[in-house]
Amino acid sequence: MLHALLNVAMGMGSVFIVLIIICLIIQCFNIIPKIEAKFKKDQKAPETVEMNTSYFTQIEEDTSEDEAVVAAIMAAITAYSGMSQDDFVVRSIVRR
């Protein structure tokens, strides 16, 4: 009987010790950002990078390829399903 109680105490003790270690590790997560902030103060701030906006305006302005993309998608759907292009309707979904 004494041997069984020692086994239970040893098992429960090891579980509580592991839980305490896990709690200490979690508490370290609050300390790590403070340490990183101290090291970053010594480093210079990175230079700002200017974005090239001409690429984005080019995408917005070039809508002539949209019709070709729609035609290619319709051709793929009709080839896959075997329907004609007159059998299905393409609708525009607009949020209100």
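Here is a quick briefing on the chain shown above. It's a predicted model, and the chain has 3 helices and 0 strands. Confidence isn't even along the chain, with helix 1 at the top and helix 2 at the bottom.

**Overall layout**

- Reading along the sequence, you get the pattern α-α-α.
- Buried residues account for just 2% of the 96 residues in the chain.
- The accessible surface comes to about 9900 Å², and carbon and sulfur atoms supply 65% of that area.

**How far to trust it**

- The chain's mean pLDDT is 78, with 72% of residues reaching 70 or more.
- Helix 1, covering residues 2–42, has the highest confidence, at a mean of 90.
- Helix 2, covering residues 54–61, has the lowest, at a mean of 53.
- Where pLDDT is low, don't read the predicted coordinates in detail.

**Cysteines**

- If you're wondering about disulfides, the structure holds 0 of them.
- Cys 23 is partly exposed, and its relative accessible area is 46%.
- Cys 28 is partly exposed too, with a relative accessible area of 39%.

**A look at Thr 78**

- Thr 78 sits in helix 3, which spans residues 64–81.
- Thr 78 has a relative accessible area of 14%, so it counts as buried, the cut-off being under 20%.
- A polar atom of the Thr 78 side chain lies 2.9 Å from the backbone oxygen of Ala 75.
- Setting aside neighbours within four places in sequence, Thr 78 is in contact with Met 83, Ser 84, Gln 85 and Phe 88.

Definitions and conventions: Residues are numbered from 1 along each chain as its sequence is written. This is a predicted model: local features need pLDDT of at least 70, side-chain atom pairs count only at pLDDT 80 or more; totals for chains, interfaces and linings use all residues. Side-chain values use heavy atoms; hydrogens and water are left out. Helices (H or I, at least four residues) and strands (E, at least two) are DSSP runs, numbered from the N terminus. Buried means under 20% relative accessible area, exposed over 50%, partly exposed in between (1.4 Å probe, protein chains only). Accessible areas come from the Shrake-Rupley method with a 1.4 Å probe; for residues, only the protein chains shown count as cover. A disulfide is a pair of cysteine sulfur atoms within 2.5 Å. A polar contact is a pair of N or O atoms within 3.5 Å; within protein, one must be able to donate a hydrogen and the other to accept it, and residues adjacent in sequence count only if both atoms are side-chain atoms. Contact means heavy atoms within 4.5 Å. pLDDT is the predictor's confidence in each residue, from 0 to 100.
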